[in-house]
Amino acid sequence: MLPTPYHLQWSEELIRHVELRLRQLHACLNEFYQKNNYSTASFTGAEALDSVSEPIGRNATDPVQAAGSFLLRTCVHSTPFYETQLKRGVGADLVLTVPEEVCSLKDVQIGLYLDRRHEFLLKVERFLRKYAKRMVQEETGKNGGASEGGRNGDGSSDVKEDGRQRRKYIRWDIQRVPFGDCWVNEEKYIIRIVFLRDSSNATRREVFHVDLHFQPISVSGRIASVAAIRKHPYYSHLVLEDALMTTHLRKLHNLFSNSNSLQRAAVFLNCWAHHTGIMARTSGHPEALSGFHLSAVILRLVEEGVVSPSMSEENVVRAVWVYLSRGLTLTESYATLNNDGEGKNHEEVAGALSLGNRSDVAVLRLEGETMNLLFRTSTSFLKQVIKKAADDAMQYQRSSEVLLKTPFQPLQLSMDVCLVVSGLEAHFAETNSAGNGKTGGAAYLRPEEVTQKLYLVVCEALGVRASYVTMWRRSADAAHVAVRLATEAEGRNRLTRGPPLEDTEAVSRFNNFWGNDITSTRQFPDGGIYRCVLWTFDHDAASHAIVLPATTVVRRVVQFALEKHIGASARVAVLLNGLEGVLAERVGAEWRDTAPLVEKSLLDACRAVETMVVDIPRTALPCKITSLDIVSASERHTATFPVRPHIALTYTTDDITQPCFAGLSVAPTIEPVHGVLTIDDRNKIPDTVEAIATMKGAICAQLSKVLQEQYGDDEGKVDGGTSIEGKEGKLKKEREEHLSRQGGGETCGKETEKLHIRSSCTAHSVDIIFKGYLFRLYIAHYREVSLLRALGRESEASTIERKLFWSAQHAKFLRTISFGHSSYATATRIASRWMSAMLLYEFIVPEAVELLVANAYLGAAPPKTPASGFLRFLQLLACHDWKEPLVLPYSMDSKEQAEAAALVRSMGEERGMFIATPYAPLESPFTVHTPRPLIVHRVVQLAKAALSALIDLVSEDDSPSHLEAAVFTPNPSDFDFQMVLHPCLLLQTDRLIAPPSIEKVKAAGANGVGSGISGAGTVAGESTDSPATARVWRLDELEAAKSRIYISELVEREPAAHVVRSVRAATRDRSMVFYDCLAPRSISVITITSHAPRNHCSKLHDDILRISRGALLPTALRSLTSEEETATNEVMETKGVSSRVHNVMDKDAIVAAARGALRRKRSNINEGKEGKSSKRPRREGSKTKLEVRQSQHDSRKSSADKGKKRSAVAEQDGRSKGTNGETNKKTEKVAKRKVK
């Protein structure tokens, strides 16, 4: 099998380096033993490996022994992403024997081993911290000069590079972490030593860290026998888990040393377990697997004869999958008999929910041992999680396809809903104290027993909504609840249906659980009467219930149940739910997502406009209207910020408190709802582009006129008051006949008469104002594109085809996905907001982002939450090979479509992306011109960085919520400088990632809006004052002609985009300009120059400041010092050491690629025709149109000043002409004589 991103790149240097660290720690622990005069008597099961070359524990009496997967070379990374791998690292394990003076054999037998182990761990931790502190003091006390030898006394090492010897100081970071990276009781911790390298600019950790485990000095039959395990199963297994570490290492070493295929299979299975989220280190779940468990399964299959050392790696992997899916059938129950002799039976609740019994565990024993290696894994977790992952893996033809065709998903994200329950510290403390008081000696509560009451409450609350629920602790105060929904519709259901009314006992129990104040009796269509709970939410509109995602409903149900039965301090939140905060806008005095508010009103308005167009009589237009398609993203709910009804599109007589005006906008800009009208002229229009354009303009004018006559607000008047009573009556009569033929009757006519619109037109579109929305309809003619291509106008033809034809088919395709998966729309909106925040939304258009998100929802396991959909979008960007086409999994013949798309792409021009869709399998219309490979490479690196941050948020026990917003914040160091836009150009500041606070924003009046910028900016010269509030006029407050001009000025008003276009046109050869399209606040500039960057940046900054004419504010440029350049070189050298270099897309790569593209562009222009000289890029010394106009204005001004000065001099000279007139005449006569 090919190496995967999880594999380590083993080398002799890496192995020697890790062994050096192990020797250092081994010497430190031996010093600790000698200092405390601990005995080093022999112990059971702690023999060392003879094959290890001198490192650790060669003597059987050595208290420090080797363990873990480093010696077996089966350790892998826990994630496939390089950024996360740098933070987590890989562990090498050591085992330290707890001396008899601390924990004797009698202490182990009476159940005090875990307490003694924890006391000894704290003592070792204090010694290691003192040792590390002493190393720091010795390092700072030295004047320099490296000591001879491979290891120095202070923990530093001498490394030879490029023929010179330099000394690198290593610092130890001592951490106390839970055993297996899972939260357990305080008795089961280990010590982790992370090695840090301190340099002049940053601190980096080494790839390997060392985990220090502990084991008892000996184990007797009173702990390891079958009877002892039956009496105290959990305690006995905790002791045996520590005592048999070295024994298991010896067995596995003997197995893998005789067969390389078995070793490679173990490595691949570790990668697969991390990839699917069933590894404990990835998810933090104590019931999940570890690398040792997978290796033990291989050893067990070899003992049974199912697997032989001569089998291929592929067959070994599939044998393990079959065993995990079907072979682990034996179970043991820890609930049949407790320590006090009483039985615990939770089968009633668990059986009713089909969740299994959490007290039953799977069984995996090696030959000759009594220890159950899977004593932590319950049968329910085995069947619902591990078995499901193995079954899914066996569906692929080759085992390696599992890592290629499935995304990386921790357990929290592989489930449908993951809740974070906090505020449980008091509950856990009470449960632990009750368990310790009730039991004694060798009895300890299992992790699931601590959360048993919490688990039962959650299961009872969810009921039939969930098919499987698992819970595990993440800290002393919090726990994770992962839920697999029965169906998505059941998860969104606001009604919790209880037992039928005839079952009085169940009804009484239902009322006691939920409370009589919220339960009610309801009758269903099938005639049954049930006791139910109807859940209401704060954001419900007055007229209709908003369709909420399953995560919101499940969170509310669990929150209520925990507050009632666990405690008022319990708080429930959805994992990564803070990502949806970037979609919030300001509505009145609150910040919220406006999509649920405008969803119904926009849908009703779209259907009303479609009804108007359909009801137009055929004789009213010269051509037949074949279809009307609303192509706006707001209609299919995928717009990042949906179109809202605007106050400028309403009348003073309108009641804006009605639900149809919910979310009313008062921003100084209007966003239209776009639509496409497809016409069929039946070959009446000549086949010329001019004739089609003329006819389209005539149709727009006629359509606007007809709509205004039938549904307009100025009845009987068109264009200045011309009477059209006769024609209006004729059109109404024809329309009534048309409705009667369609069967609409009088009722449909009355409903349509209630419509109240105002229409206008241009040469290309028709504008319809209705219910606060502005619909802009374009005319599409099917022969226009072919005529333009026949004339050689390919660029214009492609643009028209994409906007008028492909967009309609794209909208139909995505509408089915949006209405079929409730989380798709929100996931797309988050992805679009991230793309815009990364300043790349211009290059990857919104339609392309929608298709990239749709790829996950068209697969076999679509995401159920917006956060999961967004993570799948980032993983697609980061992991897909964009040199190959992306084929959406929409049909069975995707392979053939992929081959055809690859062929088309190889024949066409170079593209950064090629997305094959069902409506355009060989076209990819939304990635024809953009993005280019340079931008795609940049997007890939940004996606990897965002994934690293989000995975850290998922895996961390206590992650601040503000870190989620950091995913949407670009790194300023990627650009040379930034310039802030003037506050007057920021029309919608509430859409910023860090919007201005409510206290700093002026309150919006009934007819106005205030905007401002928060004072948290870092750019010099930025203003924090809000501009003056502008009056927004309504439709009937201005005359018809003025109102039409006023609306046209507000529609798609984008002053920031105009500034960016002007700057790009003037500096296209010298810089690259980026900005946030959805919420512009500043522009980010990367210079393109071969000269000194500092001087070029300063000159470019001044030129941009002059070109913008006050639209951009000046900024303080960063000085490029030699220290920064040296730090950059050191970082690049560090990245080049490893073979897995992280290809960071920095500004140097962007500049180099831009220079190459510019040289190719100039060469192509020079080789072209002379008539195309207008496309030649501007030279360094040439001037743009703005600069020419400015110079002409300055020359005119200077000439006028010179004229004034000349007139003033002439006036002064005129005074002396009277006295010197005669002298001048004589002088002229003398001059004439001389000439003759």
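Let's start on the surface, with charge. Lys35, Lys123, Arg126 and Lys130 gather there in a patch of positive charge. Please keep in mind that we are looking at a predicted model. Which helix gives the most to this positive patch? It is helix α4, residues 113-141, with 3 residues. Lys35, on the other hand, has its place in helix α1, residues 12-36. Lys35 counts as exposed because its relative accessible area is 61%, and the cut-off for exposed is over 50%.

Now let's turn to pairs of opposite charge. Side chains of opposite charge can pair when their charged atoms come close. How many salt bridges does the structure hold? The count is 49, and I'd like to walk you through three of them.

Take Asp181 and Arg192 to begin with. Their closest N and O atoms are 3.1 Å apart. This pair links distant parts of the chain, with Asp181 in the loop between β5 (170-178) and β6 (189-198), and Arg192 in strand β6, 11 residues apart. Are the two partners buried or exposed? Asp181 is partly exposed at 24% relative accessibility, while Arg192 is buried at 11%.

Next come Glu304 and Arg300, a salt bridge whose closest N and O atoms are 3.0 Å apart. Both sit in helix α11, residues 291-304, and because they are 4 residues apart there, about one helical turn separates them. Glu304 is partly exposed, with a relative accessible area of 41%, and Arg300 is partly exposed too, at 23%.

The third example is Arg783 with Asp687, where the closest N and O atoms are 2.7 Å apart. What does this pair tie together? Arg783 lies in the loop between β26 (773-781) and α27 (784-790), and Asp687 in the loop between β21 (673-680) and α24 (689-711), so the salt bridge joins parts that are 96 residues apart in sequence. Arg783 is buried, at 11% relative accessibility.

Salt bridges can also be followed as a network here: Arg117, Lys188, Glu241, Asp242 and Arg376 are linked in one.

On to the aromatic rings. A pair of aromatic rings is described by the distance of the centres and the angle of the planes. The count for this model comes to 31 aromatic pairs. Why is the pair of Phe513 and Trp514 called edge-to-face? Their ring centres are 4.9 Å apart and their planes stand at 90°, so the pair earns that name; the angle needed is over 60 degrees. Phe513 is buried at 11% relative accessibility, and Trp514 is buried at 2%. Elsewhere, ring pairs link a cluster made of Phe32, Tyr33, Tyr38, Phe120, Phe127, Tyr131, Trp172, Phe195 and Phe214.

Finally, let's look at the backbone. Where is there a cis peptide bond? One runs from Thr930 to Pro931, with omega near 5°. Pro931 lies in the loop between β28 (915-916) and α33 (933-955).

Two residues are worth a look for their phi angles. Glu1052 has phi near 50°, a positive value in a residue other than glycine. Its place is in the loop between α35 (1040-1050) and α36 (1055-1066), and Glu1052 is partly exposed at 38% relative accessibility. Arg1109 is not a glycine either, yet its phi is positive at about 55°. You'll find Arg1109 in the loop between α37 (1093-1108) and α38 (1122-1137), where this residue is exposed, with a relative accessible area of 58%.

Conventions:
Residues numbered from 1 in each chain as written. Predicted model: local features only at pLDDT ≥ 70, side-chain atom pairs only at ≥ 80, totals over all residues. Heavy atoms only, no water. Patch = residues over 30% accessible without salt bridge, like charges linked within 9 Å, V, L, I, M, F, W, Y side chains within 5 Å. Areas by Shrake-Rupley, 256 points an atom, 1.4 Å probe, with all protein chains shown as cover. Salt bridge = Lys/Arg side-chain N within 4 Å of Asp/Glu carboxyl O. Lys, Arg positive; Asp, Glu negative; His and termini not counted. Charge placed at Lys NZ, Arg CZ, Asp CG, Glu CD. Helix = DSSP H or I, 4+ residues; strand = E, 2+ residues; numbered from the N terminus. Buried < 20%, exposed > 50% of the residue type's maximum accessible area, 1.4 Å probe, protein only. Phe/Tyr/Trp six-rings, centres within 6.5 Å; stacked < 30°, edge-to-face > 60°.
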